[in-house]
Amino acid sequence: MSQTLTRTIVAPNHQPTAPRYRSKAARVVFGIPYWVFTTALAVIFLYPLIWTGVSSVSPMAGTSQTDGWGFGNYAALGEYQAGIWVYLGNSLFVSVLTVALTLFISLLGGYAFARFSFPGKNALFLLTLAILMVPYATLLIPLYVILNSVGLQNSLVGVALVITMFQLPFSMFMMRISFESIPREMDEAAMVDGCSSWGALWRVLLPAVKPGLVTVGLFAFLTAWNDFMAPLILINDTNRMTLPLAVANLRGQVQGVVDYGATEAGVVVLALPCILLFLILQRHYVRGFMSCLLYTSDAADDTPWVDL
């Protein structure tokens, strides 16, 4: 019996450690291609941004910054026609209105698609997703005619409505998945405590779908802030141009000669809010995508979305 006990006690202290070292070595060896690939991708994506930022303040012939390093190109951008602050304000107005409309409509629509049953629910949802199949540019002329008939042509509100319409398919899809990833027991518990459907939505479900809302809002802001096609078609007044449209007009204002310095300054001004907003909301953005991804992978066989 003593030999058995000794063997039982000693055996754990004499386990071979070679496999552990081999596993560490394997992780290092197989991790090298991963780090090389991701580093190469980072360089490919970051190099144009860094080059644009450096070029916007470096001396360059034919630009507003020809002698030494400085912010002459930004000064030229700020003095163009109505001024950069007017165009920044126009872009900010369109972006904020687009985000507000997208969040409000997709929140209510996603909640309805996820929690209620009504005739033609899935058909209506697929019809909403079908907007993604129509090329963006082909609808701008019909939308221009419609907005002109209701007095919203050459209006920033009209631009925001158009961009919101094209954001709804992704936003509705995202919010439906976000709501369906939440157990229905939370709704039922809230209603047992006296909440109505609206009360359960605003008090219980809304905090739970916060990552999805952040993802939808971030996508809507980035799209509205950088959109060029809709303002180009719908806006005729130079004082109502958004910043991307103003930068595009600035680059060829003198006999068709491209002012690369002012253009690069405009690109930097356009990119900075997007980069800062993404860095601030990155945690919620990734969490929203991951929660929806995990839910769809688990419920792909159980959710009959395409049953009409």
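**Entry 1: contacts and overall make-up**

I began with the contacts between residues at least 6 apart in sequence, and found that 76% of them join residues at least 24 apart. I note that the model is predicted.

I then looked up the secondary structure and recorded 13 helices and zero strands. Read along the sequence, the pattern is accordingly α-α-α-α-α-α-α-α-α-α-α-α-α.

For burial, I noted that 37% of the 308 residues of the protein count as buried. I entered the accessible surface as about 18,000 Å². Carbon and sulfur atoms account for 69% of that surface.

**Entry 2: salt bridges**

I asked how many salt bridges the model holds. The count comes to two. As background, I wrote down that side chains of opposite charge can pair when their charged atoms come close.

I took the pair in helix 7 to begin with. Arg 176 forms a salt bridge with Glu 180, and their closest N and O atoms lie 3.2 Å apart. How are these two residues placed along helix 7? Helix 7 covers residues 156-180, and because Arg 176 and Glu 180 are four residues apart in it, about one helical turn separates them. I also checked whether the pair is buried or exposed. Both Arg 176 and Glu 180 are buried.

I turned next to Asp 237 and Arg 240, whose side chains meet in a salt bridge at 4.0 Å, N to O. For Asp 237 I noted a relative accessible area of 28%, so this residue is partly exposed. Arg 240 has a relative accessible area of 38%, and is therefore partly exposed as well.

**Entry 3: a nonpolar patch on the surface**

I looked up which residues form the nonpolar patch on the surface. They are Leu 46, Leu 49, Ile 50, Val 54, Trp 69, Ile 275 and Leu 279. Together these residues have about 720 Å² of accessible area.

I then asked which helices each supply at least two residues of the patch. I found helix 2, residues 18-57, and helix 13, residues 260-299. The largest share, four residues, comes from helix 2.

I picked out Val 54 as one of the patch residues and placed this residue in helix 2. Is Val 54 buried or exposed? The relative accessible area of Val 54 is 41%, so I recorded this residue as partly exposed. Patch residues need over 30% relative accessible area, and the 41% of Val 54 is the value I set beside that cut-off.

Definitions and conventions
Residues are numbered from 1 along each chain as its sequence is written. This is a predicted model: local features need pLDDT of at least 70, side-chain atom pairs count only at pLDDT 80 or more; totals for chains, interfaces and linings use all residues. Side-chain values use heavy atoms; hydrogens and water are left out. Buried means under 20% relative accessible area, exposed over 50%, partly exposed in between (1.4 Å probe, protein chains only). Patches are made of residues with over 30% relative accessible area and no salt bridge: like charges are joined within 9 Å, nonpolar side chains (Val, Leu, Ile, Met, Phe, Trp, Tyr) within 5 Å. Accessible areas come from the Shrake-Rupley method with a 1.4 Å probe; for residues, only the protein chains shown count as cover. Contact means heavy atoms within 4.5 Å.
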